[in-house]
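Reader: I'm new to this structure and would love some help. Could you pick a single part for a close look, and set it among its surroundings?

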Amino acid sequence: MFVQLLFLLSAVLTVGCAVAVAVTKNIMHSCIFLLGSLIGIAGLYATLGADFVAVTQIMVYVGGIVILMLFAVMLTGGKDFASRAQNLLGLAPTMGNKWTYGIGLFVGLVFLLTNIKLLSSIMKSYPEKTFGNEFPSTVSQIGHLLVKDHVLAFELSSVLLLGALVGAAIIARPRKQ
Amino acid sequence: MTPAQFDGLMPIVILMGIAVLLFTGGHFVSVLLAPKKPSLLKETPYECGEQPVGSAWSAFNVRFYVVGLIFIIFDVESVLMFPVASIFKELNEAGEGAYALIIFLSFISVLIEGIAYCWKKGDLDWVKSFQVSAKNNK
Amino acid sequence: MEYTVGSIAPIFLAPVIAFVINAFLGRKLPRQGDWLATLSIFVSFVFSAKIFGDFIFGKFATDYFIHKTFTWFDLSYGATIWKVDMGVYIDNMAAIMLLMVSGVAFLIHLFSTWYMDHDEKHGRFFVFLPLFTSAMLGLVLSDNLFSLFIFWEIMGFCSYSLIGIYNKKEKAGDASLKAFMTTRVGDVFLLLGMVAIWMVIGSVSYVDIYAAIAEGKFAGQTVIGISLATFAGLCIFLGGMGKSAQFPLHVWLPDAMMGPTPGSALIHAATMVAAGVYLALRMYPLMVLGDLTWFIAVIGAITAFMAATIALVQTDIKAVLAFSTISQLGYMMIGVGVGSYNAAFMHLITHAIFKACLFLSAGSIIHSIHEQEMPKMGGLRKYLPYTHFAMMCCTLAIAGIPFFSGFVSKDRILGDALYFGFMAGQSPLMAIVPILGFAGAGLTAFYMFRMMFLTFYGENRMNDHHHDHGHGHGHDDHHGHEIHHEHLNPRQNVPLLILSVFTLGFWFAGTLTGQSFGKVFGAKTEWFKILVEAPKVEKFVGHPRETFGSTDSKPTVELEHAHYHHQTGYAGPNPDEHKIHTAHTIGAILSIIIAFSGVFLAYLMYIKKSVKPLASTFSGYTETLKNKYYFDNLYVDLIIKKGLLGFNKFLSWFDMGVYDRFAVDGWASVNRWIFKAAKWFDNVIVDAIGVDGTGVAVNLFNLVLRIVQSGKIQFYFVMLVMVLASYIWTLNI
Amino acid sequence: MISLISYLLISLVLFIVGLVVMISRKNIVAILLGIELILNAAALNFVAYSRFVTNNLDGHIFSLFIIVVAAAEAAVGLAIVIRFFQIKETIHIDEATQLRN
Amino acid sequence: MNQTLVSYLSQYEFYDVLLGIFGKNEGLLAFVVYLLFAGAVVGLCATIGGLGTYAERKISADIQQRIGPNRVGPYGILQFLADGVKMITKEDVMPNTADKFLFYLAPMLALVGVFATLAVLPWSSGFMMADLNVGIFYLIAISSLVGVSVFLGGYASNSKWSMLGGMRGASQIISYEIPVTISILSITLLAGGMGFGTILGQQLGTPINWFIFHNPFAFIAFFVYFIGALAETNRAPFDLPEAESELVSGYHTEYTGMRFGFFALAEYIEVFVVCGVGAALFLGGGNLPFNVQFDIIPLQLFQVVIFMTKALLLYYVVIWIRWTFPRLRVDQLMSICWKYLTPIAIFNLVGNAVWVVVFNGKSIADLVFGGH
């Protein structure tokens, strides 16, 4: 019962905040709605029994990516913010207009139809399974998978992150003239 | 987890709900009780009595971003280390301690490499990069 | 035989290790780690030689293969199989290829240690060369299209890096970009073809594809209205066209000569460009099923001939070799197309050897005299005797002189082409395949000997020109007259001499002449014919998989003689046996005559000087050739929105191209008349009528391009989703 | 009540919203937000499949690595945005049409 | 999920009685139990937070040889209630240029983030609301909401002081999260799990079994954790985001009334939570110092008392530090985090990993006294 409730709550939070991301005019608000959506997804992970992934989601996205995005908005805000601040009700110049939204919705619709087609064909070949009754702790299993089956990906991800760190630091570093 | 075991997640939701309720409730009470006498001076951001010039929402120093950047990389690396650390003891007891140690240390060594790089390049020096960027802004 | 992965893996891993060490520590090693790279390739060579020995000298049956797989990822659900296996697949063809690649690569590495000495890019060169070699070996070892594609892209990257290795030169950067982008066109198609196959049979493993063909899984499957086999085969062949520099996508290869010569020898002559042919050979059953062989043959023929004509007028020694490479790759494609499976593969091998040797010789010359323009050479024979010897052997081979390897392989291809064009009941239009093929063969003999004569014979012209260099290697302070007599240098000449030994035909044919008499090796005399044959797809149905770590212990069976057959490559009596025999006999005689007449003409022009070089006679046409049929201009102009001019030139080429096979045979008067007619046609018809119409067309095309190439990333998103959606809807997944 | 299809539908909605954001917004940071939504939709699918179909944890690993890659992507992407802003003084996506200069 | 409050209580008979009252509806009963317990915990924490403000003033007064609040109630102990009433009845002022939505949202996020951490706080071996498998990891993760709220508080005010404070606060919080996380990683490695139950189960008995005394690296890790936690909660000497002498009051300069109160409440509760976590991870939490074979509710309450004592002692140290050490400069702040704490934390982690492998997971005490 609680699972269903949690699922509903998370689903509403996820989808509602995602839609808000799309329609909000203020980029800062968009970021915050993204935060809500990501927390909702963490809730969905929790309903799937994926506790570690759920917490990772919160840890990386809420603690990291969203803050990074907020920083980036602040660092790039100047001009666009100034114009937005003077015209609180009007559309911010960079947030799109009815044409771009029209194109976006059209493409979204195309994708939706395509996906419904795909989903219907996939669903035909899947027998619906019910919830398994036992779902043991994921952490130790994930740990074993990381050091056994996926050890290469595990090690390489550290290299990837190092590369991202070095690359982004080089790009973002204040330059000497 | 059986469906019933998901109930263990209940306190998290309840506590979050309490937080939201407490906030809105407290806010409501304050709306009821608190006086409401707005004036222009009150609604002006406090800048030590001076008239604020322009908005505070302007471009900031890139320094903050670099800190955030280093943070997120370390954050993600520590996230990946958590499950391995959790089973480290277990692996050691199963006789695979050396293997686990090698895996773990090689992962950490890349982390150390990252911090060494940033250290060497001065990304960890707040003042130095302020000076550099001050020159940059001229 | 008991094979484990352990005896195969070093072939691929040794160069990878060398690459990693050189990439990170190369600067600290003595000689920047070139010895390490060379050593690693030698390790590969030793292991390859073991496999080659086991496969070739009778331990295994003709159709024996080692196949070990592990599942990389598996998205199967229900009865639908969607997975990618990775693994190793070695059959006779792969074994031969492995030995060739590792052997040639080893010799080229050895040569490079001499050639790149004291070069500023020495270290970087020896980072990419082992990486490239490992990728090529990996490509040969791989058992599926997916890993093939990975290695394919790594090779593309190495090629890009090596072409642009002198990154201070702007031309080098442009050339590397051009090579990367042009091959990318093909790669996209390759990926598309791969996905199409994967969608249908759920695997991209060779054996699964063969089995699916045998089981008829491709029957009735269509993509956008054409049969799936045709679609996938075409896409995969287009990928091969990009890599193997076939006709519309050949433009990158000549520019690729900006890189160091040994790099060109390995990548752009011996191995990487042959990967396209190798792919076509691997996918041969699919090509047959998709009825694409005629297309391959025609593309090959056009390439072979067109490149040969362009090579006629090039003055840069590396450019001549580059175009001759394109031309020879065209022959291989003809071979694939006309069903001459093992001859195509044999030509791949022989060409790799003699063209590597030619490039190395050219490198030897360039490094000795710091000059690569042939008009400024001449008379080098007495300075560079060993190089001359090696280069002469190779030239004889490529020209198709009997007893040399090129004759053996090319003659078979041409014989089959003759059969294909005139006797196999194909459309009469297919006659252009043998016609262009033979014409190209004559041209090959002519331009190769032109190169030899201009370079090594006649008087030394170097002192005449020493003012205007511009093609030097960066260090052009000592110039021209300072060449010393060549001494036998183990790193400079020995690779050349070793390679030149293998330009003899009997290594490959087993007979001295390449025909059925004069056998050298006894019963196994025609080992190439026996061992290399088109995959028999039926064999692969229900073939059990072996795990990656398992020991391979299939029973070894005695060698049996395979029959040499057309189109299908399956064993069994061929009703057309005698026709083929006739075609081969005619082909042999014709090609001998044509080759010798080409050589003779070159001799007349450049040694005796009794015939004036045709360049002066057909100045307009020569101009076209010198501009390589304006292909570069065409592409450049189309892209940078000046398409009209390029399109016009393209049309003019189109008109003239029909006739120019007469250009060399001395049919001067006829040709001149036709040429004039063509010119008239070009001027009057095209300019007056064609310009308006084509102008509009080109403008329209430009308009589309301008929209598509806007650089607006959101438009790309839209396109991406639309293409994805259309793919899903048309494939009706 | 909760089955695979419900998760798939949520992830579909997320994906489409992300797509719409990516296409209709002109602010580069907003486009990155859209990309995050899309990545999350994919990761959610992985976990849902691993719960309902494959019954092992490979899907979890996949989504972990998706999160890792998303972090790296956000870091580098935002760094590029910041550098772009320093050069062009705007983060309007249509200004970013050239690879050079 | 090892154990929850409900699963713990269900071993007692009175739970079955309760279940009967609720018509065998386990979910509903669990909800009620959790709700009651959560309410109690929140009330307790709010009291602790309120008393924290009082204690802070009183202790600072002690240190500065003043008297401190002494008017409201005995020894002024009801001062916090008076403060609370003041906050509720104070006029709620918002700058007219502020971002209203975020201005409302920021304190709420702080409150949500801090309250959610209470769900896994181990009051005793039985009285934890949820002993999640990912307990401590979850705690770190969800408390990062506070960082967002600090940033948003600063941003939404649209005042320069607030903005600077918010930026500083957010970057300080995220920076110090790294050494804290890595120190906690060390403990995870020693305990072989992230759940508080697992971690506490390893520290049973006498203080010699606490993780702080497990090995030298863990000992250092405790101090790294504690310093990092101070900075993460914006406590002095790391209180740069609200440095009065520089930034007026930092990110909550523009906040008044109830919303300021919530910020303050969240901050004080968070300090208590990090102290509690420190006590649980390193100092044996609520474990009894002796072995008992039976388990009754009063014993659990005794555990709660032990836990509270440890946590409040740490709390006292936090306040003590505040009034003893001068504030750091921004550059010192960053270099302490990245150049000292993080390398030391990584060193500790490596040391702990090597220790586990070399000594087969035994602590110093085990090695000396031959335990386990």
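Author: Happy to! Let's begin with chain A, which has seven helices and zero strands. Please keep in mind that this is a predicted model. Reading chain A from the N terminus gives the order α-α-α-α-α-α-α. Chain A has 177 residues, and 51% of them count as buried. If you take the contacts in chain A between residues at least 6 apart in sequence, 55% join residues at least 24 apart.

Chain D can be described along the same lines. It has three helices and zero strands, and its pattern along the sequence is α-α-α. Of its 101 residues, 68% count as buried. Here 46% of the contacts between residues at least 6 apart in sequence join residues at least 24 apart.

With those surroundings in place, the part I'd like to look at closely is chain C. A good place to start is helix α4 of chain C, residues 122–141. How far should this helix reach from end to end? At 1.5 Å a residue, its 20 residues should span 28 Å, and its end C-alpha atoms are 29 Å apart, so the two values agree. α4(C) is also mostly covered, with 18 of its 20 residues buried.

Further along chain C you will find a pair of helices, α5 (residues 145–163) and α6 (residues 170–201). Their axes are 8 Å apart, and they pack at an angle of about 170 degrees. Because angles over 145 degrees count as roughly antiparallel, α5(C) is roughly antiparallel to α6(C). Which residues do the meeting? From α5(C) they include C:F146, C:F149, C:W152 and C:Y160, and on the α6(C) side they include C:A175, C:A179, C:F180 and C:L190. By class, this contact has 13 nonpolar, four polar and two charged residues. The charged ones can be picked out by name: C:E153 belongs to α5(C) and C:D187 to α6(C).

Now move on to C:A212, which lies in helix α7 of chain C, residues 206–215. Is C:A212 buried or exposed? It has 24 C-beta neighbours inside 10 Å, so it counts as buried. Setting aside neighbours within four places in sequence, C:A212 is in contact with C:I201, C:K217 and C:F218. One of these, C:I201, is the residue at the end of α6(C). As for distance, C:A212 and C:I398 are 186 residues apart in sequence, and their C-alpha atoms are 39 Å apart.

Two loop residues of chain C also deserve a visit. C:A245 sits in the loop between α8 (228–243) and α9 (252–255) of chain C. It has a positive phi of about 55 degrees although it is not a glycine. C:A245 counts as buried, because 30 C-beta neighbours lie inside 10 Å. The other residue is C:F403, in the loop between α16 (385–399) and α17 (405–423) of chain C. C:F403 has a positive phi of about 80 degrees, and it is not a glycine either. C:F403 is partly exposed, with 17 other C-beta atoms within 10 Å.

To finish, let's step across to chain E. Helices α7 (residues 145–157) and α8 (residues 160–191) of chain E have axes that come within 7 Å and cross at roughly 165 degrees. That makes α7(E) roughly antiparallel to α8(E), and the crossing is left-handed. Among the residues that meet are E:V146, E:V150 and E:F151 in α7(E), with E:M163, E:M167 and E:I173 in α8(E). By class, their contact has nine nonpolar, eight polar and no charged residues.

Elsewhere in chain E, E:F226 is found in helix α10, residues 216–232. E:F226 is partly exposed, with 19 other C-beta atoms within 10 Å. The C-alpha atoms of E:F226 and E:Q11 are separated by 37 Å, and these places lie 215 residues apart along the chain when counted as a separation in sequence.

Chain E also has a partner: 75 of its residues are in contact with 63 residues of chain B. The elements of chain B that give two or more residues to this side are α1 (10–33), α2 (62–93), α3 (97–120) and α4 (126–137). The largest share, 16 residues, comes from α1(B). By class, the side of chain B that touches chain E has 43 nonpolar, twelve polar and eight charged residues.

Terms used
Residues numbered from 1 in each chain as written. Chains lettered and ligands numbered in written order. Predicted model: local features only at pLDDT ≥ 70, side-chain atom pairs only at ≥ 80, totals over all residues. Contact = placed C-beta atoms within 7 Å. Helix = DSSP H or I, 4+ residues; strand = E, 2+ residues; numbered from the N terminus. Buried ≥ 20, exposed ≤ 12 C-beta atoms within 10 Å, placed from the backbone. Axes fitted to C-alpha atoms, helices over the stretch in contact; angles between N-to-C directions. Parallel < 35°, antiparallel > 145°, perpendicular 65-115°, else oblique. Expected span 1.5 Å × (residues − 1). Left-handed = near helix turned anticlockwise from the far one by under 90°.
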